[in-house]
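Work through the following exercises with the sequence and the coordinates side by side. Each task is followed by a solution that goes step by step.

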Amino acid sequence: MSSIDPSVSALSVWLALESPTHHTPGVNGMMDLVASEVDGLPIAVERIPGRNGLGDSLILRAGLDTGEPSVAIMSHLDTVHPVGTSAQDLPVRVEGDRLYGPGVYDMKGGAWLALQAFKEVALSATAKRPMVFLFTPDEEIGSPTTRKLIEEIGRASAAVLVTEPARDGGKIVTARKGVGRFEVKLEGRPAHSGSRHADGRSAIREAAHQILAIEAMTDYARGITTSVALMGGGTAANVIPQHAWFSVDLRVASLVDGIEMESRILGLKPHDPDVAIRISGGMNRPPYEKSTAVAGLFETARAIATGIGFDLQDCPMTGGGSDGNFTAALGVPTLDGLGIDGEGAHTLSEYALISSIAPRRALIKGLLESV
């Protein structure tokens, strides 16, 4: 590791503690690291026990409680890489300007650098508003236990800053597609595939019809995509399959499209009337659209970046969702992608650019002092 760059050394400690969403000891260990880092500082710490077998959440508060809406930072400390990844496929290491490690880009790097900015502003008492920093344990699985908390903090905020990774060479995110998730279960009629083939009603055959219909709903011109990436079914090679299932991923660019597509998917009817179909799910994350308020907050960030010495740009609406979707949908000005720059989220080549740490940290600091 690096003994020269203290940022790399400190961040590497976070990377060494692996924290996939469902590994509660690792996620809670990350919360412990954050709590210990602010111990003794003018920062109040509130820890909320995890639910449904998931990790805890942590809320940091600092600055004068003036009764005004706060400026909120939001980071998640769960990752997607299973425990053992750093020991084998993605060891924590430095190669030139690249720091490799599980979750360094998505999004421990962004969470770490934002925490440093938060601490700095808390110590100097230069925040324009009360500050809140929320660390969550379950963003990578759709924030099932923390959505209400995210929205509660969002409603009490003048602006929300999300430390998901930067895009395309340092661009930040001002719009994200909404995300829908659905589960489809089918039940047909089993029969011996040799002697009683005509008596059977294949759930897998019906699933094939439904999958083609769902995939055909993709409309690139409208920014709508539908994908079936998980499926299963059947009982034996010589039995007409009684059961089948598959999952649907939906992405939409607008709230109206989300309502329409949710209705279309939930309203699918069987191609074969003798096969029963049950569909559950719906929109998981609302679309995050670039409103006038979001555009104004971006211009503030861009001016701060100019003062730091770099030209901040935003990217077109991205297909991935984040906790920023929840706050933006409430009408709260939200900036996302404020985290570390790099590449390879959710892959075994994930890395962050060390050179991006200082300017991105300074940008967060500037926003806390300006918004």
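**Exercise 1. Backbone exceptions**

Task: In this predicted model, decide whether Ser143 is buried or exposed, and describe its backbone and its place in the chain.

Solution: The relative accessible area of Ser143 is 1%, and because buried means under 20%, Ser143 counts as buried. Its phi is positive, at about 55°, although Ser143 is not a glycine. Turning to its place, Ser143 belongs to the loop between β6 and α4.

Task: Carry out the corresponding analysis for Asp168, and state whether this residue is buried or exposed.

Solution: Asp168, which is not a glycine, has a positive phi of about 50°. Asp168 sits in the loop between β7 and β8 (172-173). With a relative accessibility of 62%, Asp168 is exposed, because the cut-off for that class is over 50%. As background to these phi values, most residues other than glycine have a negative phi, and most peptide bonds are trans.

Task: Identify the peptide bond that joins Asp106 and Met107 as cis or trans, and name the helix in which Met107 is found.

Solution: The bond between Asp106 and Met107 is cis, with omega at about -5°. Met107 is part of helix α3.

**Exercise 2. The open sheet and a residue within it**

Task: Give the strand order of the open sheet of six strands, and name its edge strands.

Solution: The order is β1-β2-β6-β3-β7-β16, and the pairing is mixed. The edge strands are β1 and β16 (334-335), each of which pairs on one side only. Looking at one pair in detail, β2 and β6 run antiparallel and are joined by five bridges. Leu60 has Phe133 in β6 as its bridge partner.

Task: Characterise the surroundings of Thr136 in strand β6.

Solution: Thr136 has a relative accessible area of 1% and is therefore buried. When residues up to four places away in sequence are not counted, Thr136 touches Met31, Ser57, Ser75, His76, Leu77, Asp78, Thr146, Ile150 and Asp323. One of these contacts, Ile150, is also among the buried residues of helix α4 (residues 147-155), which are Leu149, Ile150, Glu151, Ile153 and Gly154. The buried residues of α4 pack against β1 (44-48), β2 (57-62), β3 (70-76), β6 (131-136), β7 (157-162) and α8 (324-329).

**Exercise 3. The packing of α9**

Task: Describe how α3 and α9 are packed, and classify their crossing.

Solution: Two packed helices are described by the angle between their axes and the distance between the axes. Helix α3 (residues 104-124) and helix α9 (residues 357-370) pack at about 45°, and their axes are 8 Å apart. This angle makes α3 oblique to α9. The crossing in which α3 passes α9 is right-handed. The contact has nine nonpolar, two polar and five charged residues. On the α3 side the participants include Trp112, Leu113, Phe118 and Glu120, while those of α9 include Arg360, Arg361, Ile364 and Lys365.

Task: Describe the packing of α7 and α9 in the corresponding terms.

Solution: Helix α7 (residues 292-308) and α9 pack at an angle of about 130°, with 9 Å between their axes. These two helices are therefore oblique to each other. The crossing of α7 with α9 is right-handed. Ala301, Ile304, Ala305 and Ile308 in α7 meet Pro359, Ala362, Leu363, Gly366, Leu367 and Ser370 in α9. By class, this contact of α7 with α9 divides into eight nonpolar, two polar and no charged residues.

Task: Which strands does α9 lie across?

Solution: α9 lies across β3, β6 and β7, and runs at about 150° to β3.

**Exercise 4. A contact between residues apart in sequence**

Task: Locate Val179, assign its burial and list its contacts beyond its neighbours in sequence.

Solution: Val179 lies in strand β9 (residues 178-187). Its relative accessible area is 3%, so Val179 is buried. Leaving aside neighbours within four places in sequence, the contacts of Val179 are Asp249, Leu250, Arg251, Met283, Asn284, Arg285 and Gly321. Although Val179 and Met283 are 104 residues apart along the chain, their C-alpha atoms are separated by 5.8 Å.

Key:
Residues are numbered from 1 along each chain as its sequence is written. This is a predicted model: local features need pLDDT of at least 70, side-chain atom pairs count only at pLDDT 80 or more; totals for chains, interfaces and linings use all residues. Side-chain values use heavy atoms; hydrogens and water are left out. Buried means under 20% relative accessible area, exposed over 50%, partly exposed in between (1.4 Å probe, protein chains only). Helices (H or I, at least four residues) and strands (E, at least two) are DSSP runs, numbered from the N terminus. Contact means heavy atoms within 4.5 Å. Axes are lines fitted to C-alpha atoms, for helices over the stretch in contact, and angles run from 0 to 180 degrees between N-to-C directions. Angles under 35 degrees count as roughly parallel, over 145 as roughly antiparallel, 65 to 115 as roughly perpendicular and the rest as oblique. A crossing is left-handed if the near helix is turned anticlockwise from the far one by less than a right angle, and right-handed if clockwise. Ala, Val, Leu, Ile, Met, Phe, Trp, Tyr, Cys and Pro count as nonpolar, Asp, Glu, Lys and Arg as charged, and the others, Gly among them, as polar. Two strands pair if DSSP finds at least two bridges between them.
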